[in-house]
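Q: I'm new to reading protein models and would like a close look at a single part. Could you walk me through one strand and what surrounds it?

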Amino acid sequence: PAEFMAAVLSADMDNTDKVVTLIDECRNIKIEILPPDINTCHYAFRSASSDSIRYGLGALKGVGEGAIQSIVDERERNGEYKDFGDLVCRVDSSKLNKRVYEAMIRAGALDCFHKNRALLLANLANALSVADKHASDLATGMGDLFGGNNGTPAITDVIIDKSVEEWDEETRLKGEQVALGVYLSGHPVSRFRKELERFTTAAIAELNISGEQGVVIAGLITAIRTMNSRRGDRIAFITLDDNTGRLEVAVFAEAFRQYREV
């Protein structure tokens, strides 16, 4: 199952909505989705064991195959990346721009260097500056004379501002959602679980749609689309997510007029 689901995820990697659905399916059949990691991931999703799958770096939004392949090729040639400075100096800077690094940081792919994603992002400009200087030094032959760490700077050379506080959970999860299209390490609804249990009667995953009547569910609105009904009224369809599943809910004209603003 892990190998099969990894193949299916890879085939639909460019379709974020499909990836989200397939990840839910993996969790339903007890296959763990391991987070992206610069030192273990490849472009495609791959099975890590019989019941786990390692995230495919190619599923990061706005990150091309060429950029990911250059990271993987360098890692396979010369070993794992030791720290942030090692990464930015070893990988061809013409293939990895600031936007790519930002996506990898938000997705958690560089957590192996530092768990504080805000710290890495705040020091990204300096890291890229160090990488540019390193490339320039190598071009002029100075890298062999003054380089350390096999010619690449240590992390202390690129992390100059260490006072940056970590993101709160909401900001961290939002960053994952922006970079991956999915909440991977948690869910915004989770911190409201006890409160929601007071008035809901079921979780989305527990619903038997054909037989349920009069249920109360709650969740996060992750998508909304509107259209005109045959009578010309504006109606909406919202996707509700409670971290156990997703459900599309029709909001008809009268309710939509009343609750549109919220």
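A: Here is a walk around strand 5, with a short look at the whole protein before and after.

Some ground rules to start: this is a predicted model, where local features need pLDDT of at least 70, side-chain atom pairs count only at pLDDT 80 or more, and totals for chains, interfaces and linings use all residues. Residues are numbered from 1 along each chain as its sequence is written, and side-chain values use heavy atoms, with hydrogens and water left out.

Let's set the scene. The protein has 11 helices and 6 strands; these are DSSP runs numbered from the N terminus, with at least four residues for a helix (H or I) and at least two for a strand (E). Its C-alpha trace spans about 75 × 40 × 40 Å along the principal axes. Of the 262 residues, 42% are buried. Buried means under 20% relative accessible area, exposed means over 50%, and partly exposed is in between, using a 1.4 Å probe and protein chains only.

Now for strand 5, which covers residues 234-241. Because 7 of its 8 residues are buried, strand 5 is largely enclosed by the rest of the structure.

Who sits beside it? Strand 4 (residues 220-228) pairs with strand 5 in the antiparallel sense, over 8 bridges. Two strands pair if DSSP finds at least two bridges between them. Strand 6 (residues 246-251) also pairs with strand 5 in the antiparallel sense, over 6 bridges.

A handy residue to click on is A236 in strand 5, which stands opposite T226. A236 also stands opposite V251 in strand 6.

Next, look at the turns. The hairpin of strand 4 and strand 5 has 5 residues between the strands, and G232 takes a positive phi near 90° there. In the hairpin of strand 5 and strand 6, there are 4 residues between the strands, and N243 is the one with a positive phi near 75°.

Step across to strand 6 and you'll find A250. With a relative accessible area of 33%, A250 is partly exposed. If you skip its neighbours within four places in sequence, A250 is in contact with A236 and F237, where contact means heavy atoms within 4.5 Å. For a sense of scale, A250 and Y183 are 67 residues apart in sequence and 24 Å apart in space, C-alpha to C-alpha.

Links between parts that are far apart in sequence show up across the protein too: among contacts with a separation of 6 or more, 52% are between residues 24 or more positions apart.

Before you go, try the aromatic pairs, of which the structure holds 2. Rings of Phe, Tyr and Trp (its six-membered ring) pair if their centres lie within 6.5 Å; planes under 30 degrees apart count as stacked, over 60 as edge-to-face, and the rest as tilted. F45 and Y55 make a tilted pair, at 4.8 Å centre to centre with 50° between the planes. F45 lies in the loop between strand 1 (32-34) and strand 2 (46-49), and Y55 in the loop between strand 3 (52-54) and helix 3 (65-78), so this pair ties together parts that are 10 residues apart in sequence. Both F45 and Y55 are buried.
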